[in-house]
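User: Please take a close look at the part of this structure around the ligand, and explain it for a first-year student.

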Amino acid sequence: MQYRKMPAKINTSIGGIKLNSCIFVASGAKDETLPGLATIAQSSSAAVTMKSCTLEPRLGNPEPRYVDLPNNSSINSMGLPNLGYKEYIKYAKILKDKYKKIVIASISGMTLEDNIIMFKAFNNSAVDIIEFNPGSPNTIGKPIVGYDFAEMDRLLKAVTKICRKPWGVKLPPYFDFVHFETMAKILKKYPLQFITTINSIGNALVIDPKKEQTVIKPKGGFGGLGGAYTKYTALANVRKFYELLGDKIKTIGVGGVTTGVDAFEFILAGASAVQIATTYLREGPECFSRIQRELIAYMNKKGYKSIEEFRGKLKTL
Ligand code: DHB
């Protein structure tokens, strides 16, 4: 029998939950409805991340509210359209029973009180992991919560008291080292197991020069930038938080991953897993197996057998 090298493994774990691959869908990508979630469950995405939910159902912002941009990028101002948290508690059970997948809930209450009610309810649900998303950039009349450090502290303190599932927090991008340090100090006070970085780059503006108008309707055209345009900001956020938090709080990278080599870069910067949104919306569910294959091929070429062999080991000049 011909000797063949074992292919690289790309398994990981988040909050003590084992994932057979470090590549999975980000919250917010065609994951509001049960059919949408079932499509993800049947793909190679290592987990099914559900749409950020609120206490009550929401229709979200007026359309057009999601537009593809050149260079595998996107702008959105969805405005948290979702069916209300009770539906996602039901869906988690259905997804787990039928597809045996890891299910991640995303909780995005409008107030502290709403978040408390939802965290209590999800404690008794089938979800494996909870990603707390304190703020979308697209809620009309609300600032981005991740930039209000005192409010973040208050919210994380409240979640700590209630949450009995493995949990982490989704963060907006930061740009100043002082802000990274301030946020890291707050995060270290609480027992969360991971951060997910970055949320879309808030309040970007895309202009159609022919029509001389904005491309999305809500908020005068301002919306969250996603996809490849965000990759270098996302890598910087993964790296800086990895430097500040080490492995005490794991980092999930998200922002502009379109290839397996992009995923490799995120892991090299310190990410324990990588989420995909814009690429999934553009390419469909095959993107997960493609990116996984590409990551494995790149690791094979480099002689890495697991992601732990190179995770965080970025060299500097
Ligand atoms: C929405 C956008 C986000 O970036 C987010 O984190 C949550 C919700 C939205 O517009 O629906």
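**The ligand and its surroundings**

Analyst: In this predicted model, a backbone N or O atom of Leu80 lies 2.6 Å from an oxygen atom of the ligand. Side chains take part in polar contacts as well. A polar side-chain atom of Asn199 is placed 2.6 Å from a ligand oxygen atom, and a polar side-chain atom of Asn138 is found 2.9 Å from an oxygen atom of the ligand. On its own, the ligand has 300 Å² of accessible area, and the protein covers 93% of this.

The location of the ligand may be described next. The ligand sits in the largest pocket. The residues that surround the ligand are Lys51, Asn76, Met78, Gly79, Leu80, Pro81, Asn133, Ser136, Pro137, Asn138, Asn199 and Ser200. Sorted by class, this shell holds seven polar residues, four nonpolar residues and one charged residue. Leu80, Asn138 and Asn199 are thus among the residues of the shell, and each of these three has an atom for which a distance to a ligand oxygen was given above: 2.6 Å for Leu80, 2.9 Å for Asn138 and 2.6 Å for Asn199.

One further residue may be added to the description. Arg239 belongs to helix α6, which comprises residues 231-245. Arg239 counts as buried because its relative accessible area is 17%, and the cut-off for buried is under 20%. The side chain of Arg239 reaches the backbone oxygen of Ala269 at 3.2 Å.

How values were computed. Residues are numbered from 1 along each chain as its sequence is written. This is a predicted model: local features need pLDDT of at least 70, side-chain atom pairs count only at pLDDT 80 or more; totals for chains, interfaces and linings use all residues. Side-chain values use heavy atoms; hydrogens and water are left out. A residue is near a molecule or strand if one of its heavy atoms lies within 4 Å of it. A polar contact is a pair of N or O atoms within 3.5 Å; within protein, one must be able to donate a hydrogen and the other to accept it, and residues adjacent in sequence count only if both atoms are side-chain atoms. Accessible areas come from the Shrake-Rupley method with a 1.4 Å probe; for residues, only the protein chains shown count as cover. On a 1 Å grid over the protein atoms alone, a cavity is a set of points where a 1.4 Å probe fits but cannot get out, and a pocket is an open set with protein on both sides within 12 Å along at least five of seven lines; lining residues have an atom within 4 Å of a point. A molecule sits in a cavity or pocket if more than half of its atoms lie within 2 Å of its grid points. Ala, Val, Leu, Ile, Met, Phe, Trp, Tyr, Cys and Pro count as nonpolar, Asp, Glu, Lys and Arg as charged, and the others, Gly among them, as polar. Helices (H or I, at least four residues) and strands (E, at least two) are DSSP runs, numbered from the N terminus. Buried means under 20% relative accessible area, exposed over 50%, partly exposed in between (1.4 Å probe, protein chains only).
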